[in-house]
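Colleague: I have not looked at this one before, so could you walk me through it?
Modeller: Gladly; let us open it up and go through it piece by piece.

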Amino acid sequence: MLILLLALAFIFNRYKRRRTAIIFISGAILIFLICSTAYLPNYLAGRLESKYLPYPAATNFNDSERVLIHVLGSGYVLDKRLPPNAQIGWCALGRLAEAIRVHRMIKNSTIICSGYSSLGLETQAQVTKRAAIVLGVDSSQLETLNLPSTTQEEARELSAHYSKKSHVIIVTDAIHMPRAIKLFAAQGFNPIAAPTNYKINEGPVQEDIKWLPSFERIGLMNYVIHEYLGNLKATLQN
């Protein structure tokens, strides 16, 4: 959007429409300030992240009940120099760490790792499973879904391989959780949220930093827009 506004400003300025060019430049500056300072991105991200509390939820399971803990995929790299916990990246590692924490709280639980490979090599699900093993999870308590590439596909794959009456705990980024819960519910599950990787923290922050433009905030705004549009799409499809 910024590039488009600046391009229009250049075009109008070239054809001596300087007043119109100034309007487009002003719009570009305004959008840049809105997206690159903390206030609006933090507010919108905070609204998404606050919809679900951290696990444990107000749900108790009998020791005989099987519980599925589904760790949603988030990208990886096959670098054989690195241990598997480093190959899945920081985002995926945060999700896996939360899944392991929840797994240790629930006696009869299985961690489901998911994610495909676009190159026909080892899938993200398989690498995540190896990472869980090196972090102390018994391999018998780990299963994989190797085909899905999106959250919607992950929900469909889980539905295809497991009973919809299963107790399912979803582990993903807090900002992504509202959309994930909606997609899994659409497949007939009654999902429980275990959000992690919070982007908005409520600890002390210097007020002057909030005014400083940063590329990090632009990235957060991009993530927020992606999630709101994804939520809209999921709502329309259902």
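The chat below goes through helices, loops, empty spaces and a charged pair.

Colleague: Before anything else, what kind of model is this?
Modeller: It is a predicted model, and local features are described where pLDDT is at least 70.

Colleague: Okay, starting at the front, how many residues does helix α1 have?
Modeller: Helix α1 runs over residues 2-14 and has 13 residues, and from its first C-alpha to its last it reaches 18 Å, which is close to the 18 Å expected at 1.5 Å a residue.

Colleague: And what happens just after α1?
Modeller: K16 comes there with a positive phi of about 65°, a positive value in a residue other than glycine, and K16 sits in the loop that joins α1 and α2.

Colleague: Moving to the surface, which residues make the nonpolar patch?
Modeller: The patch is made by L6, I25, I29, F32 and L33, and covers about 410 Å².

Colleague: Which helix gives the largest share of that patch?
Modeller: Helix α2, residues 18-36, gives four residues to the patch, and I25 is one of the residues found in that helix.

Colleague: Why might residues spaced along a helix end up on one face?
Modeller: An α-helix has 3.6 residues a turn, so residues three or four places apart point the same way.

Colleague: Changing topic, where is the cis peptide bond?
Modeller: The bond from Y55 to P56 is cis, with omega near 20°, and P56 belongs to the loop between α3 (39-49) and β1.

Colleague: Now the inside: how many cavities of 30 Å³ or more turn up?
Modeller: A search of the whole structure finds one of that size, and the largest cavity holds about 30 Å³ of space.

Colleague: What lines that cavity?
Modeller: The lining consists of V71, L72, G73, A92, S114, Q124 and T128, and by class there are three nonpolar, four polar and no charged residues in it.

Colleague: And the second largest pocket, what volume does it have?
Modeller: Its volume is about 330 Å³, and of the 19 residues that line this pocket, G73, S74, S149, T150 and T151 lie nearest its centre.

Colleague: Which helices supply at least two residues of that lining?
Modeller: Both α7 (151-161) and α10 (215-237) do so, with α10 giving the largest share, three residues.

Colleague: How does that pocket lining divide by class?
Modeller: The lining of the second largest pocket has four nonpolar, 11 polar and four charged residues.

Colleague: Last topic, how many salt bridges are there?
Modeller: The search of the whole structure finds seven, and in one of them E122 pairs with K80, with the closest N and O atoms 3.5 Å apart. That pair links distant parts of the chain, since E122 lies in the loop between β2 (109-114) and α6 (124-134), while K80 lies in the loop between β1 (67-71) and α4 (84-87), 42 residues apart.

Terms used:
Residues are numbered from 1 along each chain as its sequence is written. This is a predicted model: local features need pLDDT of at least 70, side-chain atom pairs count only at pLDDT 80 or more; totals for chains, interfaces and linings use all residues. Side-chain values use heavy atoms; hydrogens and water are left out. On a 1 Å grid over the protein atoms alone, a cavity is a set of points where a 1.4 Å probe fits but cannot get out, and a pocket is an open set with protein on both sides within 12 Å along at least five of seven lines; lining residues have an atom within 4 Å of a point. Grid points are joined across faces, edges and corners, and a volume is the space filled by probe spheres set on the points. Ala, Val, Leu, Ile, Met, Phe, Trp, Tyr, Cys and Pro count as nonpolar, Asp, Glu, Lys and Arg as charged, and the others, Gly among them, as polar. The expected span of a helix is 1.5 Å times one less than its number of residues. Patches are made of residues with over 30% relative accessible area and no salt bridge: like charges are joined within 9 Å, nonpolar side chains (Val, Leu, Ile, Met, Phe, Trp, Tyr) within 5 Å. Accessible areas come from the Shrake-Rupley method with a 1.4 Å probe; for residues, only the protein chains shown count as cover. A salt bridge is a side-chain nitrogen of Lys or Arg within 4 Å of a carboxyl oxygen of Asp or Glu.
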